[in-house]
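Please examine the sequence and the model below. The paragraphs after them move from the overall fold to individual ionic pairs.

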Amino acid sequence: QITHNQRLAGRLLNDQTMRAALYFRVSTEEQRERASIETQREFAAQYCQVHEITVIASYSDDGISGTIPVAERPNGSRLLTDARAKKFDTIFVYKLDRLARSTLEILKAVETLGPWGIAIKSMTEPFETDSSVGKFLVSMLASVAQLERDAIRDRSGAGMERLARKGKWLGGRPSFGYQIIDGKLAIHPEQAEIVKEIFRMYLSGSKQAAIARHLN
């Protein structure tokens with residue numbers, strides 16, 4: 001829901017014709033927790049409707065870590081290419097940490113886009129990168145974003161270590177021959193017989209291609 005502060009943050013948006021682009025990002029960890037691309041899209045649609053913003057293009061990187069440089073993301077790279085071509089003049093993000101979670105990467109993006117005349121605006125945070133005060137706020141918010149990322153990493157590491165100490169599976173698809181039972185890795189009886197057959201054939205001299213044909 002658009003709050004009063006968010007309305008104030010966008011109070012100047014309608015003073016001139018604006019060509020806007022939307023950028024969305026969510027990491028794999030955030031997908032499992034609370035955030036999603038769809039949540040950001042829904043908020044952006046409402047925000048743009050309230051402020052009568054014309055959206056030229058939309059870019060989204062789903063399941064991409066905020067530590068990866070913008071230029072190395074599939075749609076982040078396309079965003080920068082279109083920005084250089086001046087297809088729009090403003091990039092809107094749900095929060096600054098959607099652009100990146102590294103202070104350095106956020107500041108690099110601001111410095112890259114600035115000379116091209118491209119401003120970055122957050123739909124939930126009151127700053128604009130086309131002013132000196134806005135750039136200062138960006139540096140502060142970027143530091144907060146990195147702090148949150150580091151805290152999440154620390155919590156995740158501690159949580160995984162705790163699960164490992166209890167003998168729990170840490171996630172992901174188990175190798176062929178195993179299955180997850182009550183959160184722990186266990187042998188899969190039917191698949192285990194196939195694994196044993198693979199080893200018997202290999203030790204008897206069969207090549208990998210021949211084993212694959214036999215199993216198929």
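What follows describes the chain as a whole and then turns to its salt bridges.

The model shown here is predicted. The protein chain contains 9 helices and 6 strands. Of its 216 residues, 35% count as buried. Among the contacts in the protein chain with a separation of 6 or more, 62% are accounted for by residues 24 or more positions apart. The surface that the protein chain exposes amounts to about 13,200 Å², and carbon and sulfur atoms supply 54% of that area.

How many salt bridges does a search of the whole structure find? The search returns 7. One of the pairs is formed by Arg19 and Asp89, whose closest N and O atoms are 3.7 Å apart. This pair links distant parts of the chain, since 70 residues separate the two partners. Arg19 belongs to strand E1, which spans residues 19-26, whereas Asp89 lies in the loop between helix H4 (74-84) and strand E3 (90-93). Arg19 has a relative accessibility of 32% and therefore counts as partly exposed. Asp89, at 23%, also counts as partly exposed; the limit below which a residue is called buried is 20%.

A second salt bridge joins the side chains of Asp82 and Lys87, with an N to O distance of 3.3 Å. Are these two partners buried or exposed, in whole or in part? Asp82 has a relative accessible area of 10%, so this residue is buried. Lys87, by contrast, is partly exposed, because its relative accessible area is 44%. The bridge thus pairs a buried carboxylate side chain with a partly exposed lysine.

Within a helix, Lys196 forms a salt bridge with Glu193, and the closest N and O atoms are 3.6 Å apart. Where do the two residues lie? Both are in helix H8, which covers residues 189-203. They are 3 residues apart, about one turn of the helix. Lys196 counts as partly exposed at 45% relative accessibility, and Glu193 is likewise partly exposed, with a relative accessible area of 45%.

Salt bridges also connect residues in a group: Lys95, Asp97 and Arg98 are linked in a network.

Taken together, the pairs described include a link between distant parts of the chain, through Arg19 and Asp89, and a link inside helix H8, through Lys196 and Glu193.

Technical notes. Residues numbered from 1 in each chain as written. Predicted model: local features only at pLDDT ≥ 70, side-chain atom pairs only at ≥ 80, totals over all residues. Heavy atoms only, no water. Helix = DSSP H or I, 4+ residues; strand = E, 2+ residues; numbered from the N terminus. Buried < 20%, exposed > 50% of the residue type's maximum accessible area, 1.4 Å probe, protein only. Contact = heavy atoms within 4.5 Å. Areas by Shrake-Rupley, 256 points an atom, 1.4 Å probe, with all protein chains shown as cover. Salt bridge = Lys/Arg side-chain N within 4 Å of Asp/Glu carboxyl O.
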